[in-house]
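Me: I would like to learn how to read a helix and the loop before it. Where should I begin?

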Amino acid sequence: MPSIDPIMGATAVAVALILLWMYFDARARDAYPTLWVAALALCALFIHVFLVLLGLVIYLIVRPKGAMAHCPSCGAKHLVWLAECPKCESRLLKDCHRCHAAMPVTAERCPECGTPT
Ligand SMILES: [Zn+2]
Ligand SMILES: [Zn+2]
């Protein structure tokens, strides 16, 4: 059996956890999860594993920010202002038929004009 360097092993696990977390966080924010994870995984494999930490810092700075909510259909986390669930693609916002303001599909009244939906 080939021996595995424990430091290399621990680094690989840490990188995998960071990329996994980043994938789900980016998906919840509709911020190119596959692109981010693929780019950082390639950098880690072919250039230096340190680039994953650098990428994580950059990601935390540039990612879309805002309050998170749970999809009423599948329960996945998403940014409140997304129009569609990033996981199940069900609609998350609807338009008020009177003033056309966007509101969550679960809202009973328009937050802008108070019209019942
Ligand atoms: Zn969903
Ligand atoms: Zn309205």
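Reply: Begin with length: the expected span of a helix is 1.5 Å times one less than its number of residues. Note also that this is a predicted model.

Me: How many residues has H2, and how far does H2 reach from its first C-alpha to its last?

Reply: H2 has 14 residues and reaches 20 Å, close to the 20 Å expected at 1.5 Å a residue.

Me: Which residues of H2 are buried?

Reply: A residue counts as buried if 20 or more other C-beta atoms lie within 10 Å of its own, and as exposed if 12 or fewer do. In H2, the buried residues are Trp36, Val37, Leu40 and Ala44. Seen down the axis of H2, they fall within an arc of 90 degrees, so they line one face of the helix. In general, an α-helix has 3.6 residues a turn, so residues three or four places apart point the same way.

Me: What do the buried residues of H2 pack against, and which residues are exposed on the other side?

Reply: The buried residues pack against H1 and helix H3 (50–62). Thr34, Leu35, Leu42, Leu45 and Phe46 are exposed on the other side of H2.

Me: How should I read the sign of phi in the loop?

Reply: Most residues other than glycine have a negative phi. Asp30, in the loop between helix H1 (6–28) and helix H2 (33–46), has a positive phi of about 55 degrees although it is not a glycine. Tyr32 is found in the loop between H1 and H2, and Tyr32 has a positive phi of about 50 degrees.

Me: Are Asp30 and Tyr32 buried or exposed?

Reply: Asp30 is partly exposed, with 16 other C-beta atoms within 10 Å. Tyr32 is partly exposed, with 13 such atoms within 10 Å.

Definitions and conventions:
Residues are numbered from 1 along each chain as its sequence is written. Chains are lettered from A and ligands numbered from 1 in the order in which they are written. This is a predicted model: local features need pLDDT of at least 70, side-chain atom pairs count only at pLDDT 80 or more; totals for chains, interfaces and linings use all residues. Helices (H or I, at least four residues) and strands (E, at least two) are DSSP runs, numbered from the N terminus. The arc is that of the directions from the helix axis to the C-beta atoms. Two residues are in contact if their C-beta atoms, placed from the backbone, lie within 7 Å.
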